[in-house]
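Okay, thanks for making time, everyone. Let me put a structure on the screen and walk you through some of what I found in it.

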Amino acid sequence: MLIAVYGASLVTRWLAKAGIIGSCAIAWYEIVAAPMLRRRRGGVSVPEGIDMTIKSKDFKVGAGDEVDLSKWPTVVEPFYKSKKDYKKLLEDHVKRLSALQQLHYASNRYAVLLIFQAMDAAGKDGAIKHVMSGVNPQGCQVFSFKHPSPTELQHDFLWRTTRDLPERGRIGIFNRSYYEEVLIARVHPDILLGEGLPDALIAGKAIWQDRYRSIVDLERHLHTNGTRIVKFFLHLSKDEQRKRFLARIDDPDKNWKFSTADIEERKFWDQYRTAYEDCLGATSTSDAPWYVVPADDKENARLVVSQIVLDTLEGLDMAYPKTSPERHQELLSIRKQLEA
């Protein structure tokens, strides 16, 4: 199972780190086994015999789990054989998602909230754009939350996002969310001080546990009332972020995506990592789970995200409204008028 999901090379190294196998086994794998296992197709390296089925549970953070992101990979073996295969798989996912979203809209029983969080350049915008490309805009809304406005700062930290929660039959997408209040606000205490809270509330570290509790309570309330919440953390490596920043600088069409603030935030990488680890562990529940999606390979990440969304929608008890006998007779009458 581990090899199927993370790839033999990563698993071999983890086993060595844990003292289960020695360095000789690693050398044997890298020199002898790896070349035999791999073949090149369409510029993508795919191990022979690997199960390429995406299993959502393999990326899920269990309720109450202690999260150490160093043990969660930022890249896994590709779930596609080539770029052409990736496009075909994504198109299939998008087509299925479109049909399910139509059923979800017509059924009008649940709301679905998708939350995306990540470090800069992890691919949130791209994942949302590609995965949701086939969804009817009438049934889906995307909200991006930046620095709170003066009016928003006059309310509790959950107020501004609560206003944009999806209705039944809709899919809501939060590109960043109320989780910023336990991430960036924790890394940069000045933000917390600017929220005008009483001193007693922000003294010490109790505020973060209090906010985790508030978030879990909110999500439990929403679940009880028919909103299904799925949360994605796009897990990007620091080196891959560096490469993407350089690409934004080198490509004039992407210059607008880059700012000096991105470099400043990069200096706080370790602090953000700690904040994410504590947040994921404290707020992943059976009702509103977190999924840690390896994000160094954008295409792979999009396939994983789309599969998790599909699994979520397919798990809902949905059906098209039944036509009553009276309505059926009414439709027959209308049909006769149109055919006359």
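I'll talk about pockets, then a surface patch, then salt bridges. One thing before we start: this is a predicted model.

So, pockets. What is the volume of the largest pocket? It comes out at about 1300 Å³. There are 42 residues lining the largest pocket, and if you want to find its centre on screen, look for D120, A121, K124, K146 and R176, which lie nearest to it. Several helices contribute to that lining. Helix 5 (124-131), helix 7 (184-187), helix 11 (238-250), helix 12 (260-266), helix 13 (269-283) and helix 14 (298-314) each give at least two residues. As for the chemistry of the lining of the largest pocket, we have 18 charged residues, 16 nonpolar and eight polar.

Now the second largest pocket, which has a volume of about 310 Å³. Its lining is made of 17 residues, and D156, F157, E195, L197 and R211 are the closest to the centre. Which helix gives the largest share of that lining? That's helix 10, residues 206-224, with four residues. By type, the lining of the second largest pocket splits into seven charged, six nonpolar and four polar residues.

Let's move to the surface. L331, I334 and L338 make up a nonpolar patch there, and together they have about 290 Å² of accessible area. Take I334 as an example from that patch: I334 sits in helix 15, residues 325-339. I334 has a relative accessibility of 36%, so it counts as partly exposed, the class between 20% and 50%.

Right, salt bridges. The general idea is that side chains of opposite charge can pair when their charged atoms come close. In this model the count is 22 salt bridges, and I'll pick out a few.

My opening example is R109 with D317, where the closest N and O atoms are 3.4 Å apart. Why do I like this pair as a link between parts of the chain? Well, R109 is in the loop between helix 4 (83-107) and strand 3 (111-118), while D317 is in the loop between helix 14 and helix 15, so the salt bridge ties together parts that are 208 residues apart in sequence. Both ends are partly exposed: R109 has a relative accessible area of 46%, and D317 has 48%.

Next up, E152 and R163, whose side chains meet in a salt bridge at 3.0 Å, N to O. E152 is in the loop between strand 4 (140-144) and helix 6 (159-162), and R163 is in the loop between helix 6 and strand 5 (171-175), so this pair ties together parts eleven residues apart in sequence. Buried or exposed, where does E152 fall? E152 counts as buried, because its relative accessibility is 17% and the cut-off for buried is under 20%. R163 is partly exposed, at 47%.

Then there's a pair within one helix. D239 and R242 form a salt bridge at 2.9 Å, N to O. Both lie in helix 11, three residues apart, which is about one turn of the helix. D239 is partly exposed at 37% relative accessible area, and R242 is partly exposed at 38%.

Last one: D92, R96 and E314 are linked in a network of salt bridges. That's my tour, so go ahead and ask away.

How values were computed
Residues are numbered from 1 along each chain as its sequence is written. This is a predicted model: local features need pLDDT of at least 70, side-chain atom pairs count only at pLDDT 80 or more; totals for chains, interfaces and linings use all residues. Side-chain values use heavy atoms; hydrogens and water are left out. On a 1 Å grid over the protein atoms alone, a cavity is a set of points where a 1.4 Å probe fits but cannot get out, and a pocket is an open set with protein on both sides within 12 Å along at least five of seven lines; lining residues have an atom within 4 Å of a point. Grid points are joined across faces, edges and corners, and a volume is the space filled by probe spheres set on the points. Ala, Val, Leu, Ile, Met, Phe, Trp, Tyr, Cys and Pro count as nonpolar, Asp, Glu, Lys and Arg as charged, and the others, Gly among them, as polar. Patches are made of residues with over 30% relative accessible area and no salt bridge: like charges are joined within 9 Å, nonpolar side chains (Val, Leu, Ile, Met, Phe, Trp, Tyr) within 5 Å. Accessible areas come from the Shrake-Rupley method with a 1.4 Å probe; for residues, only the protein chains shown count as cover. A salt bridge is a side-chain nitrogen of Lys or Arg within 4 Å of a carboxyl oxygen of Asp or Glu. Buried means under 20% relative accessible area, exposed over 50%, partly exposed in between (1.4 Å probe, protein chains only).
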